[in-house]
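Open the model in your viewer and set it to a plain cartoon. We'll go from stop to stop, and at each one I'll tell you what to select and what to look for.

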Amino acid sequence: FAAISLHRSRWPVGLCGFALALGWPLDMGFFHFWLATAGALATIGVSVRYGDRRWWPFALALGLWLTACAHVFSSMLAGGALVAIEAARRSGAERWRKLAALLLAGAPAAVVALLATAAREQVDPLEKHWGSLAERLTNVIACTLSGPWWRQLPLAILAIASVAALVVRRRRLDPVDQAIGGMGVVLLSATVATPVHLQWMFFSPRFAPLGMALLLAALPAERLRARHRVLLAAVTGIWVIAAGQWSAEVHRRFVERVSPALDLVAELEPSPGLRLTVMMPSPNDRDSGIRYAEPWRQVGQLFAIERGGLNVYGLVGVRSIHPLLLRPDAMTGVELPPVSWLEHIDPNPGPRRRDALTRVLAASTRVDELVLIGGEDDVEQLLATGFRARARAPGVAFAAFKGCTGRVVVEGRPGEHVAVDLGWWPLRDPAQGAEGVIDGTGTITFEVEALTCEGVWLRPLRGRCANAGESGHVRGRLADAPLLCRWETAPP
């Protein structure tokens with residue numbers, strides 16, 4: 001719509017909008033921002049096409065307000081583009097009248113922006129992150145349209161052609177084309193020149209979608225001969241269809257991974273509380289080509305919708321983003337495994353994968369429910385460590401940690417004070433501790449609860465266990481027999 005508002009013969013370029021509609025914001029789940037970007041383009045198109053109608057200010061006021069309700073950032077960018085357009089195509093007193101009318105039309109959107117800004121003051125600022133120059137340069141394309149090189153290359157070619165036309169034909173271009181193309185260049189430059197995160201997650205990438213769309217709309221396709229425009233439309237159409245097929249395939253593979261877990265939800269009653277969803281990598285996984293995508297962080301929202309509760313790996317746990325969805329005390333006493341741990345898990349079965357999953361499970365015992373999506377070996381390991389399944393399917397389990405109880409016996413000299421740490425093998429960080437005084441029989445017994453049912457290690461804080469292995473730990477399983485430490489104050 002924005003392209004044909006500038007010139008009816010630009011309809012072949014307008015076909016690119018079908019590919020951009022399945023672009024990076026949608027892939028990332030930024031639905032409000034995705035809708036707002038479409039609203040911004042529609043508002044700009046209305047202004048270009050109907051700028052001389054009496055109802056123009058009212059249409060702009062409605063468009064900017066609706067866009068701001070979806071996402072303030074897109075509304076602000078649209079407002080900047082509208083100012084550039086009216087300043088370029090008007091002159092003298094008429095320019096100032098139009099700009100004043102535009103200022104009034106933007107008042108409702110400005111109110112929404114002020115309310116959003118006031119809400120932002122209640123959250124913790126996000127740490128500034130610039131990223132590398134190469135990352136920000138490639139974000140111009142990657143944060144507009146996800147995917148492999150063939151999906152992004154046509155977009156880059158059209159963008160370069162539009163910039164070339166702006167430079168070569170700058171004296172013959174219509175002022176509106178200059179304004180829209182120039183605004184596109186400014187927004188894409190901002191993608192490179194500003195931090196990736198700036199008190200707000202993904203700050204600079206949000207300039208790219210609208211900037212690219214404006215730059216494409218400014219491409220003077222009407223300068224081509226009619227048959228060349230038809231050829232451009234045919235090539236663009238083939239690319240759009242292929243781009244849509246790629247998007248469908250990526251999302252189909254993701255649905256296949258999570259559909260067994262979604263099928264289990266129907267067997268469970270709604271459950272409040274903290275829910276952690278862990279999606280293990282698979283040997284069949286392929287790079288989605290979606291920059292910054294973190295499916296293991298967001299997949300838990302699917303279960304929160306159906307069952308209630310709070311997905312603690314979602315962005316609701318980041319107070320710099322959502323101040324209202326998480327009470328300050330909601331995570332008291334709960335230390336979650338960092339999301340980065342899941343990024344480096346070996347996708348192939350073996351000791352490295354088992355150790356990595358043990359690390360995740362040990363840090364997940366305090367959540368109300370753990371949803372594990374992986375292989376059947378992963379589920380078996382989950383249950384063996386002491387998680388109890390509420391529902392289970394091949395490669396999927398909804399479980400809560402119960403753990404195992406047992407005893408730790410320390411033998412030593414009567415009257416000696418001993419303190420021991422216990423943990424999950426092969427992890428080094430202790431999960432529990434106990435201390436006391438050895439009685440007159442030369443032993444002290446500690447009752448242990450809610451510890452892993454698999455490998456447990458014991459290590460005294462002072463001295464050593466004479467029966468310990470080379471690592472200095474006594475290892476065993478609480479369910480088999482008491483864990484015994486023959487304590488001595490110093491090595492022999």
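**Stop one: aromatic rings**

There are 11 aromatic pairs in this structure, which is a predicted model. Select Phe73 and Phe203 and show their side chains: these two rings form an edge-to-face pair, 5.9 Å from centre to centre with 65° between the planes. Now colour the elements around them. Phe73 belongs to helix α7 (residues 72-89), while Phe203 is in the loop between α12 (175-193) and α13 (208-217), so the pair ties together parts 130 residues apart in sequence.

Are these two rings buried or exposed? Phe73 has 7% relative accessibility, so it counts as buried, and Phe203, at 14%, counts as buried too. The cut-off behind that word is under 20% relative accessible area.

Keep Phe203 on screen and add Phe207. Their ring centres are 5.4 Å apart and their planes stand at 90°, so this pair is also edge-to-face. Phe207, like Phe203, is buried.

Next, select Trp24, Phe30, Phe202 and Tyr292 together; they make up one aromatic cluster.

**Stop two: charges over rings**

Stay with Phe30 and add Arg206, which lies over the face of that ring, 4.8 Å from the ring centre. For another case, go to Trp56 and show Lys98: the charged end of Lys98 sits over the ring, 4.3 Å from its centre.

**Stop three: Asn139**

Select Asn139, in helix α10 (residues 133-142). What is its relative accessible area? The value is 0%, so Asn139 is buried. To see what surrounds it, show its contacts beyond the neighbours within four places in sequence: Thr144, Thr191, Val196, Pro205, Ala208, Arg291 and Tyr292. You have already met Tyr292 in the aromatic cluster.

**Stop four: a five-strand sheet**

Switch back to the cartoon and find the open sheet whose strands run in the order β2-β1-β3-β5-β4, with mixed pairing. Its edge strands are β2 (310-311) and β4 (387-393), each pairing on one side only. Inside the sheet, pick out β1 (residues 274-279) and β3 (residues 369-373), which are parallel and joined by five bridges. Select Leu276 and you'll find Leu370 of β3 opposite.

Which helices pack on this sheet? One is α14 (residues 226-265), which touches β1, β3, β4 and β5 (396-401). The direction of α14 makes about 55° with that of β5. Another is α16 (residues 300-307), touching β1, β2, β3 and β5, with its direction at about 140° to that of β1.

**Stop five: strand β13**

For the last stop, select residues 483-488, which form strand β13. Colour Leu483, Cys485 and Trp487 one way, and Leu484, Arg486 and Glu488 another. The former set makes up the covered face of the strand, and the latter the uncovered one.

Then bring in its partners. Strand β6 (residues 404-411) runs parallel to β13, and four bridges join them; here Val408 has Leu483 as its bridge partner. Strand β11 (residues 464-465) pairs with β13 in the antiparallel sense, over two bridges. Show Arg464 to finish: opposite this residue, in β13, stands Glu488, which you coloured as part of the uncovered face.

Key. Residues are numbered from 1 along each chain as its sequence is written. This is a predicted model: local features need pLDDT of at least 70, side-chain atom pairs count only at pLDDT 80 or more; totals for chains, interfaces and linings use all residues. Side-chain values use heavy atoms; hydrogens and water are left out. Buried means under 20% relative accessible area, exposed over 50%, partly exposed in between (1.4 Å probe, protein chains only). Two strands pair if DSSP finds at least two bridges between them. Rings of Phe, Tyr and Trp (its six-membered ring) pair if their centres lie within 6.5 Å; planes under 30 degrees apart count as stacked, over 60 as edge-to-face and the rest as tilted. A charge sits over a ring if NZ of Lys or CZ of Arg is within 6 Å of the ring centre and within 35 degrees of the ring normal. Contact means heavy atoms within 4.5 Å. Axes are lines fitted to C-alpha atoms, for helices over the stretch in contact, and angles run from 0 to 180 degrees between N-to-C directions.
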